[in-house]
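Visitor: I'm new to this one. Could you pick a single spot and take me through it closely, then show me how it sits in the rest?

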Amino acid sequence: MALPDLNNCEFFKKTTLFAGEKTEKAFIFKLKNDPQYTFLFNCPKCGAKNEFGSELNIKEVKENGKKKKYITFNCKKCAAEFMTEKFKVKKVGKGGQ
């Protein structure tokens, strides 16, 4: 699993996946010249290595009266579903903080 040059990414997210007591890191990114997002992770449930291209699947969940958006994806071997929060990215203009 090779990570991309961040200067060549339109989107990059690192997250932690949980399955019981096991955890694994996951990387989701979109290269500037690629229409699909790439998902890289080892499944914490079955241990399978996952590297695949896909569209982003967004699921809206209501938590504490607020709507939150999550990116959902599945292990290609055992079909375990994982979710990570999708944050809005704010661009900082010139003179911004």
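Guide: Let's go straight to asparagine 50, whose side chain reaches the backbone nitrogen of lysine 76 at 2.8 Å. That side chain also reaches the backbone oxygen of alanine 48, at 3.2 Å. Both count as polar contacts, meaning a pair of N or O atoms within 3.5 Å; within protein, one atom must be able to donate a hydrogen and the other to accept it, and residues adjacent in sequence count only if both atoms are side-chain atoms.

A word on what you're looking at: this is a predicted model, where local features need pLDDT of at least 70, side-chain atom pairs count only at pLDDT 80 or more, and totals for chains, interfaces and linings use all residues. Residues are numbered from 1 along each chain as its sequence is written, and side-chain values use heavy atoms, with hydrogens and water left out.

Back to our spot. Asparagine 50 sits in strand β4, residues 49–54. Strands here are DSSP runs of E, at least two residues long, and helices are runs of H or I, at least four long, numbered from the N terminus. Asparagine 50 counts as buried because its relative accessibility is 2%; buried means under 20% relative accessible area, exposed over 50%, and partly exposed in between, using a 1.4 Å probe and protein chains only.

Stepping from lysine 76 to its neighbors in the numbering, we meet some cysteines. Cysteine 75 is buried, since its relative accessible area is 3%, while cysteine 78 is partly exposed at 29%. Are there disulfides, and how many? The structure holds zero, a disulfide being a pair of cysteine sulfur atoms within 2.5 Å. Why not at cysteine 75? Its closest cysteine sulfur, in cysteine 46, is 3.8 Å away, so that is too far for a bond. Cysteine 78 has its closest cysteine sulfur in cysteine 43, also too far for a bond because the distance is 3.8 Å.

Now zoom out. Strand β4 belongs to a chain with zero helices and seven strands, which reads β-β-β-β-β-β-β along the sequence. Like asparagine 50, some other residues are tucked away: buried ones make up 32% of the 97 residues. Contacts, meaning heavy atoms within 4.5 Å, also reach along the chain: among those between residues at least 6 apart in sequence, 32% join residues at least 24 apart.
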